Amino acid sequence: MTRPELTVERVELLRLAMPLRLPFRTSFGTQTHRDVVLARVQCDGVEGWGELVAGEGPWYSEETVGSALVVLREHLIPHVIGASFSHPTQLAGYLARIRGNPMARATIETACWDAWAAARGESLAHVLGGVRERVVTGVSVGIQDSVPELLDLIEGYLDQGYARIKVKIEPGWDIQPLTAIRERFGEVSLMADANSAYRLKDASWLQQLDGLHLTMVEQPLAHDDVAEHALLARQMKTPICLDESLRSAALTRHALDIGACQVVNVKVGRLGGHSESRAVHRLCAERGVPLWCGGMLETGVGRLHNLAIASLPGFTLPGDTSASERYWERDIIDPPVTLEADGTVAVPTAGGIATRLDRERLDALAVGRESF
Ligand code: NPQ
Ligand code: MG
């Protein structure tokens with residue numbers, strides 16, 4: 001099949017206010033709703049959709065919804081309008097002039113991949129190189145007020161079929177709740193995510209995790225200190241997974257070179273898009289490093305992008321690719337993402353995300369629109 005060339009004719013930014021079903025507490029704060037920006041790119045009669053995954057404040061990374069909007073409006077969209085590409089990997093050329101700001105870049109880059117899939121009438125997963133029809137899925141559980149509340153919540157998720165439980169930890173909420181989970185639920189697949197809540201001097205405390213047989217501990221130390229993770233890794237049996245620190249394929253290679261992590265979390269937003277995510281996937285495949293797809297409390301649009309990338313062969317561990325109802329009373333896609341009792345969710349087969357959008361729901365939630 002010939003490759004159609006697509007030209008970006010128009011970009012729209014749609015801002016939505018979405019209440020979360022439950023507050024989500026991590027070591028950097030509590031989230032009760034999501035300030036969502038979606039991008040719709042129109043290319044030669046097809047449309048593609050992407051989601052900005054930045055938080056309202058600079059807690060996960062320095063990007064915020066506000067800062068990303070400035071970058072999108074002033075520096076990114078003006079350079080992409082009128083751009084033609086015969087493959088979405090060529091967008092890197094237009095986006096590379098922008099340093100940092102990966103979530104802003106990914107918003108447009110992922111939308112263009114979606115438009116490309118739509119133009120070919122193929123699924124996003126297929127054009128990215130996906131091989132799986134279903135993705136094994138875990139769930140990320142926020143910090144709770146008490147251990148009994150945590151255990152009740154986890155029981156519900158295990159009943160729904162989630163294949164792995166990830167618990168957010170911080171000093172004062174770590175060994176005790178994790179031990180309680182082991183006592184109550186036996187050898188369920190369990191991991192912990194600290195979102196940088198510890199320091200290297202906590203190494204002897206963190207060694208207690210080794211007795212709990214976690215599949216991994218995610219980002220225990222500072223977001224900008226990969227070298228300290230390498231030192232910690234030498235003192236622990238529990239595999240270390242990096243999230244916040246891995247901002248590109250190059251930084252992922254450096255982290256692996258020095259033994260800072262044994263597992264890689266791929267987030268399309270943190271890495272600046274699908275092309276860079278595929279580069280991380282290729283790197284990890286070469287080195288036999290397992291990877292999994294993280295989550296950023298996405299609406300259906302970001303969720304479908306995550307499922308597409310998670311269908312690549314190297315994603316061998318359960319992802320934070322949970323069902324829509326984990327976060328939303330009602331998602332903006334119809335049908336929503338659902339979990340099967342076997343702990344998997346289906347990778348979309350339709351050509352493009354647009355066909356699955358619930359336009360009425362989008363209109364009901366919209367608090368702002370801009371066209372470029
Ligand atoms: C993680 N996500 O893996 C992130 C952290 C996270 C599903 O655990 C607003 C926007 C609030 C993004 C809270 C999960 C957030 C956010 C936490 C991301 O580290
Ligand atoms: Mg994380």
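Student: Which residues line the second largest cavity?

Tutor: In this predicted model, the second largest cavity is lined by Asp114, Leu124, Ala125, Leu304, Ala308, Pro348, Ala350, Gly352, Ile353, Thr355 and Arg356. Helix H4 (124-128) and H12 each supply at least two of these lining residues.

Student: Why is this called a cavity?

Tutor: A cavity is a set of points where a 1.4 Å probe fits but cannot get out, whereas a pocket is open. The second largest cavity holds about 90 Å³ of space, and the name cavity is used because the probe cannot leave.

Student: What makes Gly352 count as polar in that lining?

Tutor: Glycine is placed among the polar residues by definition, so Gly352 joins Thr355 in that class. Asp114 and Arg356 count as charged. By class, the lining has seven nonpolar, two polar and two charged residues.

Student: How many cavities of 30 Å³ or more does the structure hold?

Tutor: There are two of them. The largest cavity has about 110 Å³ of space, and Glu51, Val53, Val268, Gly269 and Asn306 are the closest to its centre among the 14 residues that line it. Helix H3 (102-120), helix H10 (268-271) and helix H12 (300-310) each give two or more residues to that lining. H12 has the largest share, with three residues.

Student: What makes the space around ligand 1 a pocket?

Tutor: Here the set of points is open, with protein on both sides within 12 Å along at least five of seven lines, so the word is pocket. The space taken by ligand 1 is the largest pocket, with about 370 Å³ of space. Its lining counts 28 residues, and Phe24, Phe28, Tyr60, Met296 and Leu297 lie nearest the centre. E2 gives the most to this lining, with four residues.

Student: How do you know that serine 140 makes a polar contact with ligand 1?

Tutor: The cut-off for a pair of N or O atoms is 3.5 Å. An N or O atom in the side chain of serine 140 is 2.9 Å from an oxygen atom of ligand 1, so this pair is within the cut-off and counts as a polar contact.

Student: Which atoms of lysine 267 and glycine 295 pass that test?

Tutor: For lysine 267, a polar side-chain atom lies 3.0 Å from an oxygen atom of the ligand. For glycine 295, a polar backbone atom is 2.9 Å from a nitrogen atom of ligand 1. The protein covers 97% of the 450 Å² of accessible area that the ligand has on its own.

Student: What makes the peptide bond before proline 335 cis?

Tutor: The bond from aspartate 334 to proline 335 has omega near 0°, and it is cis. Most peptide bonds are trans. Proline 335 is placed in the loop between H12 and strand E13 (344-346).

Student: And what makes aspartate 44 stand out?

Tutor: Aspartate 44 is not a glycine, yet its phi is positive, at about 45°. Most residues other than glycine have a negative phi, so a positive value is worth a second look. You can find aspartate 44 in the loop between E2 and strand E3 (46-52).

Notes. Residues are numbered from 1 along each chain as its sequence is written. Chains are lettered from A and ligands numbered from 1 in the order in which they are written. This is a predicted model: local features need pLDDT of at least 70, side-chain atom pairs count only at pLDDT 80 or more; totals for chains, interfaces and linings use all residues. Side-chain values use heavy atoms; hydrogens and water are left out. A polar contact is a pair of N or O atoms within 3.5 Å; within protein, one must be able to donate a hydrogen and the other to accept it, and residues adjacent in sequence count only if both atoms are side-chain atoms. Accessible areas come from the Shrake-Rupley method with a 1.4 Å probe; for residues, only the protein chains shown count as cover. On a 1 Å grid over the protein atoms alone, a cavity is a set of points where a 1.4 Å probe fits but cannot get out, and a pocket is an open set with protein on both sides within 12 Å along at least five of seven lines; lining residues have an atom within 4 Å of a point. A molecule sits in a cavity or pocket if more than half of its atoms lie within 2 Å of its grid points. Grid points are joined across faces, edges and corners, and a volume is the space filled by probe spheres set on the points.
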